[in-house]
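Got the viewer open? Let's walk through this one stop by stop, with a selection to make at each.

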Amino acid sequence: MRLQVKFLLVILSRGVIPILLNKPWHHVLMNQLLPYDQKDMRHSFKMRSSYLYALFSINGITAGAHRLWTHRTYKANLPLRIFLMFWQTAALQNDIYIWSRDHRVHHKFTDTDADPHNSKRGFFFSHVGWLLCKKHRDVIEKGKTIDMSDVLADPVVQFQRKFYVPLILLTTFVLPTWIPVYFWGESLKVSFISTITRYVLSLNGTWCINSVTHMFGTKPYDKSISSVQNVTMGLIGLGEGWHNYHHTFPWDYRAHEFANFSINMSGAFITFMSKIGWATELKVVPDEAIRRRALRTGDGSRANINTLNKEELISRIPENYNNNVWGYGDKDIENEEVQILKAYS
Ligand SMILES: [Zn+2]
Ligand SMILES: [Zn+2]
């Protein structure tokens, strides 16, 4: 109960009360969403720029902290790592090292007491409650067994950790508030409230991956795990909502079968970066392996599943899969999966 009260106070103090106290509440809210006034180009530009700031900062989490540093699904050169670090800082969701460590622990011990946002403890806990209370001792103990040496060895991560406080002040608050005021005369009040509202909305979007996509959706790839495919979160979460696929194949840079711009913006971003040579060694699970796995362990909801020769395909895959793997480089990854990856890399 105390958690709910704390959560309500956060929502009230950061979102509802500032909006109610300030007349242009619709302006504040719409600053975070799509442009709504197409006739006024100057106004429309303001809307778009604020939306883009939110988009890039979330991409810093999804393509950066998540798919690059946590799961090692591809390699990025120095300029791309600096770019992603800047935007990951702007999202203010802990530094890259802490974010990646928590997420590796989540994959390694999903839905146990060692999972920081164990969805078996309910929607509220997995959404935000886990950040409002002390960590379960298993999270701390088993978290120490996760190898984080690769993340800590990155000089970009070291730089961010060293200057984290000034960096978050600059990227999360000062820049997004100052830019609209300086360049197109937005009032300081509206600009600051827009900054806070953008932060609250993007935080909740990210938290939905831990709550919504562990509860509401289908399981085409593995029905034995809690993570699901959720269309809404897939569309608004830059491709992170295809969570049944992601937990089944955490080393795939697409976090989905497709890296289209429309359903997987971060996947499309990484593909684009590889085209200009900034991202290399993109890991992809081949289509045949996906279909075989879906047939073996999925709930039957994957498209085209009935066109396969079930008996023949089942006979070619091992009995048990280990789902508790944090990504490429985890020593517990199934040997067969490593062989497939090597063959297709
Ligand atoms: Zn993940
Ligand atoms: Zn998950």
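Start with what the record says: UniProt, in an unreviewed entry, puts the feature "transmembrane region" at residues 7-25, 51-69 and 163-185. Keep in mind that this is a predicted model, so colour it by pLDDT before going on. The chain averages a pLDDT of 81, and 76% of the residues score at least 70. Now select residues 20-24: pLDDT stays under 50 there, and the model gives this stretch five contacts beyond four places in sequence. Do likewise for residues 312-319, where the pLDDT is below 50 and the model has nine contacts beyond near neighbours in sequence.

**The whole chain**

Switch to cartoon. You should be able to pick out 17 helices and two strands. Of the 345 residues in the chain, 41% are buried. Count the contacts with a separation of 6 or more, and 64% of them join residues 24 or more positions apart.

**Two of the annotated stretches**

Select residues 51-69. The chain is 100% helix and 0% strand here, with the end C-alpha atoms 25 Å apart. Then take residues 163-185: this stretch is 91% helix and 0% strand, and its end C-alpha atoms are 30 Å apart.

**Along helix 10**

Stay there and narrow the selection to helix 10, residues 164-184. Does its length agree with what 21 residues should span, or disagree? At 1.5 Å a residue, the helix should span 30 Å, and its end C-alpha atoms are 29 Å apart, so the two agree. Look along its axis next: helix 10 bends by about 45° at V174, and a proline, P176, follows within four residues. Show side chains for L167, T171, T172, P176, T177 and P180, which are the buried residues of this helix. Just past the end of helix 10, G185 takes a positive phi of about 65°.

One of those buried residues, L167, is a handy bridge to the next helix. Draw a distance from its C-alpha to that of F86: the two are 81 residues apart along the chain and separated by 8.2 Å. F86 lies in helix 4. It counts as partly exposed because it has 19 C-beta neighbours inside 10 Å, and 20 or more would be needed for a buried residue.

**The cores**

Which residues touch the most other members of the largest nonpolar core? Select L84, I96 and I270; those are the ones, in a core of 29 residues. The elements giving two or more residues to this core are helix 3 (41-70), helix 4 (78-90), helix 5 (96-108), helix 9 (155-162) and helix 14 (265-275). Helix 3 supplies the largest share, eight residues.

Zoom in on I96. Setting aside neighbours within four places in sequence, I96 is in contact with A65, W69, M85, Q88, V151, V157 and Q160. Then pull back and find another core, apart from that one, with ten residues, among them W242, Y245, A294 and Y328.

**Stops in the loops**

Go to R72, in the loop between helix 3 and strand 1 (75-76). Is this arginine buried or exposed? R72 has 21 other C-beta atoms within 10 Å, so it is buried. Not counting residues up to four places away in sequence, R72 touches D150, G327, Y328 and G329. Add E281 to the selection as well: R72 and E281 are 209 residues apart in sequence, yet 9.7 Å apart in space, C-alpha to C-alpha.

For a contrast, select D332, in the loop between helix 16 (310-314) and helix 17 (335-344). D332 is exposed, with 9 other C-beta atoms within 10 Å. Its C-alpha is 9.6 Å from that of K108, 224 residues apart in sequence.

Finish with a pair of backbone oddities. N94 sits in the loop between helix 4 and helix 5, and its phi is near 80°, a positive value in a residue other than glycine. N94 is partly exposed, with 16 other C-beta atoms within 10 Å. The second stop is L238, in the loop between helix 12 (231-236) and helix 13 (243-248). L238 has a positive phi of about 55° although it is not a glycine, and it is buried, with 24 other C-beta atoms within 10 Å.

Conventions
Residues are numbered from 1 along each chain as its sequence is written. Chains are lettered from A and ligands numbered from 1 in the order in which they are written. UniProt positions are given in the numbering used here, feature names are shortened, and annotations may be inferred rather than shown by experiment. A nonpolar core is a set of buried Ala, Val, Leu, Ile, Met, Phe, Trp, Tyr and Cys residues joined through C-beta atoms within 7 Å. A residue is buried if 20 or more other C-beta atoms lie within 10 Å of its own, exposed if 12 or fewer, and partly exposed in between; C-beta atoms are placed from the backbone. Two residues are in contact if their C-beta atoms, placed from the backbone, lie within 7 Å. The expected span of a helix is 1.5 Å times one less than its number of residues. The bend at a residue is the angle between axes fitted to the seven residues ending there and the seven starting there. pLDDT is the predictor's confidence in each residue, from 0 to 100.
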